[in-house]
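Grab a coffee and open the viewer: here are a few short exercises on salt bridges, a helix and a strand residue. Try each one before reading its solution.

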Amino acid sequence: MKLITEELKERFKEVGDQSNSKNPLIVVKLFDPAGSATWYVTEYDAERRVAFGFVTGLYMDEWGSFSIDELQAIERPYGLTIERDIYFEEQRYFDVFKDQKRIAELAKIEKDKSQQKEVNKNQEQIDALEQE
């Protein structure tokens with residue numbers, strides 16, 4: 001199976017660079033039918049045949065780049081290869097990984113609390129200096 005078709009190349013061009021998006025559009029889902037690995041592709045460089053996206057089911061889940069040629073060359077038991085999920089419909093990252101959205105929200109809340117504490121501390125120092 002061709003992992004990235006001509007139609008998908010065009011779609012990736014339309015979507016463009018998503019590197020600054022906190023909730024990128026997942027255009028393609030690739031998976032190992034004989035294992036747990038899944039590649040959620042958000043960007044594709046047709047010239048280098050390198051994709052970028054979120055990978056799950058390997059040592060650890062992470063964002064990164066991966067070679068489409070290398071994925072296509074993987075041979076699994078019984079003649080299986082890495083496949084493209086032909087039934088996958090484009091979705092935003094947080095729609096696929098709802099738990100990650102909650103983790104990001106909680107991290108933002110903690111960051112905001114920390115920043116507010118710092119602001120309060122600075123204001124107390126300013127107030128103390130003004131009272132001198």
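**Exercise 1.** Classify Asp-69 by its relative accessibility, then work out what its salt bridge with Arg-49 ties together.

*Solution.* Keep in mind that you're looking at a predicted model.
- Step 1: Asp-69 has 39% relative accessibility. Partly exposed covers the range between 20% and 50%, so Asp-69 counts as partly exposed.
- Step 2: its side chain meets that of Arg-49 in a salt bridge, 2.6 Å from N to O.
- Step 3: Asp-69 sits in helix H2, while Arg-49 is in the loop between E3 and strand E4 (50–56), so this pair ties together parts 20 residues apart in sequence.
- Step 4: Arg-49, at 23% relative accessibility, is partly exposed too.

**Exercise 2.** Find the partner of Asp-32 and say where each of the two lies.

*Solution.*
- Step 1: the partner is Arg-76, and the closest N and O atoms are 2.9 Å apart.
- Step 2: Asp-32 is in the loop between E2 and E3, and Arg-76 is in the loop between helix H2 (68–73) and E6, so the bridge ties together parts 44 residues apart in sequence.
- Step 3: check accessibility. Asp-32 comes out at 10%, which counts as buried, whereas Arg-76, at 28%, is partly exposed.

**Exercise 3.** Sort out the two sides of helix H1: which residues are buried, and which are exposed on the face turned away from them?

*Solution.*
- Step 1: in H1 (residues 6–15), the buried residues are Leu-8, Lys-9 and Phe-12. Looking down the axis, they fall within an arc of 105°, so they line one face of the helix.
- Step 2: strands E2 (28–31), E3 (38–45) and E6 (83–84) are among the parts that cover them.
- Step 3: the face turned away carries the exposed residues Glu-7, Lys-13 and Glu-14.
- Step 4: Lys-13, with a relative accessible area of 61%, forms a salt bridge with Glu-10. Both lie in H1, 3 residues apart, or about one turn of the helix.
- Step 5: Glu-14 has salt-bridge company as well, in a network with Arg-11 and Glu-90.
- Step 6: just after H1 comes Gly-16, with a positive phi near 75°.

**Exercise 4.** Is Thr-38 buried or exposed, and which residues does it touch?

*Solution.*
- Step 1: Thr-38 belongs to strand E3, and its relative accessibility of 10% makes it buried.
- Step 2: leaving out residues up to four places away in sequence, Thr-38 touches Lys-29, Leu-30, Phe-31, Phe-54, Val-55 and Thr-56.

Methods. Residues numbered from 1 in each chain as written. Predicted model: local features only at pLDDT ≥ 70, side-chain atom pairs only at ≥ 80, totals over all residues. Heavy atoms only, no water. Buried < 20%, exposed > 50% of the residue type's maximum accessible area, 1.4 Å probe, protein only. Helix = DSSP H or I, 4+ residues; strand = E, 2+ residues; numbered from the N terminus. Arc of directions from axis to C-beta. Contact = heavy atoms within 4.5 Å. Salt bridge = Lys/Arg side-chain N within 4 Å of Asp/Glu carboxyl O.
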